[in-house]
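These are my notes from a first look through one structure. I wrote them down in the order in which I looked things up.

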Amino acid sequence: MEQRVSLITLGVTNMDASATFYDAMGWVRVETDDGVVAYDLLGQTLGLYPLDMLAKDIGIDVADLGTGRSTLGYNCREKADVATVLAAAEKAGARILKPATDVFWGGHHGYFADPDGHIWEVAHNPFSPLRKEDGAFRWNGGYE
C-alpha cells in the first residue's frame, strides 16, 4: 500500500445542509453522478455521502459508525488566519468548539464542528510552513 489518503468520506445526515456549509466555506464542488457531493483538494477529495447509505455500504448499523473519534486538520499560512477561518466556519453554520488560541508547542489553533458534528482543527504551525504556491503541508515542513 502506498502512503497516501485518496478520499475522505464524511457520512452526513442532511446532504443539502452539509453541502451548503462547505460551499459557504468557499469550496468548489466537482460534478458527480453517484449521489456524492465531492470537493477536490490538494491531492485528494473530500466526499459527502448520506450517513444511512454509508452504513449500508459498509454493512453495519448507523449507530455502529460512531462519531468524534477523528479530526480533520486545516493548516493556515499565518497565525491570524486561524481566527478568520473559524469565523467563516461559524458564519457558514459551524459550532466553535475551541476559539483560536496559542498552543504549548508554539503553534496557534482552534476547533469547530460542521453541521453533522465532524470536527475540524484549524491551525498555524510555524515549524511546518505551507508550500507557497499551493498550500501543501508536510509534518516537519521542508517547503521553502
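**Entry 1: a loop residue.** I began with Gln44, whose side chain reaches the backbone oxygen of Val5 at 2.8 Å. The model is a predicted one. I placed Gln44 in the loop between β2 (37–40) and β3 (45–50). Is Gln44 buried or exposed, or does it fall in between? At 26% relative accessibility, Gln44 counts as partly exposed, because buried would need a value under 20% and exposed one over 50%.

I then checked what Gln44 touches beyond four places in sequence, and noted Val5, Ser6, Ile8 and Tyr39. Ser6 is 38 residues from Gln44 along the chain, yet their C-alpha atoms are separated by 4.7 Å.

**Entry 2: the largest pocket.** Gln44 came up again here. Along with Gly73, Tyr74, Asn75 and Phe137, Gln44 is among the lining residues that lie nearest the centre of the largest pocket. I noted 30 lining residues for this pocket and a volume of about 1000 Å³. Which elements give two or more residues to the lining? I found β4 (71–75), α3 (79–92) and β7 (119–124). The largest share, five residues, comes from β4. I also sorted the lining by residue type: 17 are nonpolar, eight polar and five charged.

**Entry 3: strand β7.** Since β7 is one of the elements that line the pocket, I looked up its pairing next. With β4 it pairs in the parallel sense, over five bridges. In that pair, Thr71 has Ile119 of β7 as its bridge partner. With β6, strand β7 runs antiparallel, and six bridges join the two. Five of the six residues of β7 are buried, so the strand is largely enclosed by the rest of the structure.

**Entry 4: strand β6.** I turned to the antiparallel partner of β7. Strand β6 covers residues 108–113, and five of its six residues are buried, so β6 too is largely enclosed by the rest of the structure. Which residue stands opposite Phe112 in β7? I found Trp120 there. For His109 the bridge partner in β7 is Ala123.

On its other pairing, β6 is joined to β5 (residues 95–102) by five bridges, and the two run antiparallel. Here Arg95 stands opposite Ala113 of β6.

I looked at the two hairpins as well. The one formed by β5 and β6 has five residues between the strands, and Gly106 takes a positive phi near 105° in it. The hairpin of β6 and β7 also has five residues between the strands, and there Gly117 takes a positive phi near 90°.

**Entry 5: His109.** I went back to this residue of β6 for a closer look. His109 has 7% relative accessibility and counts as buried, because the cut-off for buried is under 20%. What does the side chain of His109 make a polar contact with? I found the side chain of Glu121, at 2.7 Å. Glu121 also appears in the list of contacts of His109 outside its sequence neighbours, as do Val122 and Ala123. That list further includes Val82, Lys98, Pro99, Ala100, Thr101 and Val103.

**Entry 6: Gly11 and Ser18.** I then looked up Gly11, in strand β1 (residues 7–12). Gly11 is buried, at a relative accessible area of 10%. Setting aside residues within four places in sequence, I listed Tyr49, Leu51, Leu54, Asp116 and His118 as its contacts. Val62 is 51 residues from Gly11 along the chain, with 9.7 Å between the C-alpha atoms.

Ser18 sits in helix α1 (residues 15–24) and is buried, with a relative accessible area of 1%. Asp116, a contact of Gly11, is touched by Ser18 too. Beyond four places in sequence, Ser18 also touches Val12 and Leu48.

**Entry 7: Trp139.** My last look-up was Trp139, in the segment after β7. Is Trp139 buried or exposed? I noted it as exposed, with a relative accessible area of 68%, because the cut-off for exposed is over 50%. Trp139 is 14 residues from Asn125 in sequence, and their C-alpha atoms are 9.3 Å apart.

Technical notes:
Residues are numbered from 1 along each chain as its sequence is written. This is a predicted model: local features need pLDDT of at least 70, side-chain atom pairs count only at pLDDT 80 or more; totals for chains, interfaces and linings use all residues. Side-chain values use heavy atoms; hydrogens and water are left out. Helices (H or I, at least four residues) and strands (E, at least two) are DSSP runs, numbered from the N terminus. Buried means under 20% relative accessible area, exposed over 50%, partly exposed in between (1.4 Å probe, protein chains only). Contact means heavy atoms within 4.5 Å. On a 1 Å grid over the protein atoms alone, a cavity is a set of points where a 1.4 Å probe fits but cannot get out, and a pocket is an open set with protein on both sides within 12 Å along at least five of seven lines; lining residues have an atom within 4 Å of a point. Grid points are joined across faces, edges and corners, and a volume is the space filled by probe spheres set on the points. Ala, Val, Leu, Ile, Met, Phe, Trp, Tyr, Cys and Pro count as nonpolar, Asp, Glu, Lys and Arg as charged, and the others, Gly among them, as polar. Two strands pair if DSSP finds at least two bridges between them. A polar contact is a pair of N or O atoms within 3.5 Å; within protein, one must be able to donate a hydrogen and the other to accept it, and residues adjacent in sequence count only if both atoms are side-chain atoms.
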